[in-house]
Amino acid sequence: MRKMGAAGAAVGSVSIAGCSDQTNPDGGGEGTGTGSKNVESDLPEERKIGEKVHVSNTERYYAARYQANALVDKTFRDELGVPVQTKPVEITVLVSREQEGDFHLVTYNWTASNGDPDGIIYDRFHKNGSLNYYGFNNQRYNELAAGQRRETDEDARQEMVHEAQKILGEQRPENQYLYNVTPYAFNSDAIDPDSIVVNDKGLRNIWNYTQMEPTNENGRVVVTNNWDPSDQLNPLHLNAIGPSRNWTPTRFMHDFLFRPDPDLQMTPWAAKEYEYTDGTTLDVTMKEGMTFHDGESVTADDVVYTFNLIMETEPPAYINNVVQTTESVEKTGELGVRFNLTEAYAPYIALTLGMVPILPEHVWEQRISETGNEEAPWKVPVNDDMPIVGSGPFEYGTWDQASRFRMPAFKEHAFAAPNIDARVQNPLSTRDAEMEAMIQGDYILLDYWFGSPRQLSNTVDEQDHLSMVQNSGQGRQATWVNMERPPFDDVAFRQATNALITGVQPTIIEELYDGFGNEAISPINPTLKFWHNPDTPYFENGVEGAITILNDAGYAWNEDGELHYPEGKTGE
């Protein structure tokens, strides 16, 4: 586990007590406090900070993350006198509350897309980002977030992404718990271990599912768990490309012009070759012989139709990476497509062509017309009566929307036909049940593991037919704060929150995650080595550091230890 450095340092023109950028190990902070609370008598009641809600998954769903939230909230209450309450909800409710702004803090895991930082830098934190549910709006940051998208010189773009991380470190709309190190188990009696492919998603990646070799009949149908039952499979819907419970089957049932390889390098998939003829014109030639699951050929017409449909109807899922970046798309031949960009967009291959599924024109035109969703095609229902027709390595089979989803292998795929016969995702209600399914052979592998990493490791050691792999993905477990609601509208309080969380990080990692994790300071994981800024500022010294920051910002405690806003400020 990498230890974080110590020291105070200046960030830009702002000197911040207890802040480290890891570049000045001997520097001193300029705060006046020493961790002793500023206690005042007769503080007015309207200045007292009221109850704040930390929206969390349930303990049954993901024990370590729930317990980490509870630890953070208890530290707020016991050490800072801020009544933060942990509110456990089902994961779909958590997502809904975040999108509606109904939270003070919200915690989950999130990852970069296809190895590119734009989905974090722009989508999450630009003022117009599609995932900015937090009210973060910083002028310099907005300039950097927009500018790095246009910058095609990779070194210059890196400088902008690094500076953006420094601003996020100072402003702290997000506070990381850890960078996950995640274990996964598989049945090595049923699947040849030499055929397993592990990438940033662990075992739930298209390379693994198309290349793994069954060693007996039991391995021909791979039954696995899932984050939750899939609840949205319309590939134009925001929830179909966001939560992994939906994004994994969506990516498996559709083809894309490009995909990231196991080393996160973008590689042609349905594309055969490509060329930028200038900074805003990209020509792509598709592979021959591809067909949809109903036997119809995949052609340039389908790609043009897909992009035109998105640009004309503007699904929220594709605003940032398609609507804002693509001027037009035109057919140049039976398998040739030209993409005309609105302006240079550095991650166009990774985040546009690598994220937009190829839809069959003959199916979607009919479905949209029949359901009356001409203006909102993301509302077209998907079910056993109206199944997905894609061209990916797996087909839509049968879907029990409360639990089980069977995906037969598409054996006629032109270049990536799976060796197994089917993938079945069958989520169970508890981690103990999932573990027992692995032991009994009902599961062939775990796409996810939200239980104790040590328990999984010990079980694998005890069971001869099980093997384990682990990976460090692109993501992080993190807490986001609602900057449109006090006290998180105040940068000093957000910095104090970061100091508090930094202080309990070692406990979270070593005790709650069994040591399976690394200390985290930035939204961009060090696995994205080129883009990660190791000098991202963070705030240290735990509770004492938080108290110092709050003292310096004018916060005060009454004799009962309850925190109050600075003079002239009140809360909700």
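**Sheet, cores and a helix pair**

Four strands make up an open sheet in the order E9-E18-E17-E16, with mixed pairing; strands here are DSSP runs (E, at least two residues), as helices are (H or I, at least four), numbered from the N terminus. Strands count as paired if DSSP finds at least two bridges between them. This is a predicted model, in which local features need pLDDT of at least 70 and side-chain atom pairs count only at pLDDT 80 or more, while totals for chains, interfaces and linings use all residues. Residues are numbered from 1 along each chain as its sequence is written, and side-chain values use heavy atoms, leaving out hydrogens and water.

**The sheet**
- E9 (221-224) and E16 (398-399) are the edge strands, each with a single partner strand, so one side of each has no neighbour in the sheet.
- E17 (residues 405-408) and E18 (residues 422-425) run antiparallel and are joined by 4 bridges; one of the partnerships links Phe405 with Gln425 of E18.

**The cores**
- The largest nonpolar core (buried Ala, Val, Leu, Ile, Met, Phe, Trp, Tyr and Cys joined through side-chain atoms within 4.5 Å; buried means under 20% relative accessible area with a 1.4 Å probe, protein chains only) has 77 residues, of which Leu257, Phe307, Phe339 and Leu353 touch the most other members.
- Helix H9 (residues 300-313) gives this core its largest share, 8 residues.
- A second, separate core of 69 residues includes Ile120, Trp480, Phe488 and Ile549.

**The helix pair**
- H1 (residues 63-80) packs against H16 (residues 542-552) with their axes 11 Å apart.
- Residues in contact (heavy atoms within 4.5 Å) include Thr75 of H1 and Val543 of H16.

Terms used. Buried means under 20% relative accessible area, exposed over 50%, partly exposed in between (1.4 Å probe, protein chains only). Axes are lines fitted to C-alpha atoms, for helices over the stretch in contact, and angles run from 0 to 180 degrees between N-to-C directions.
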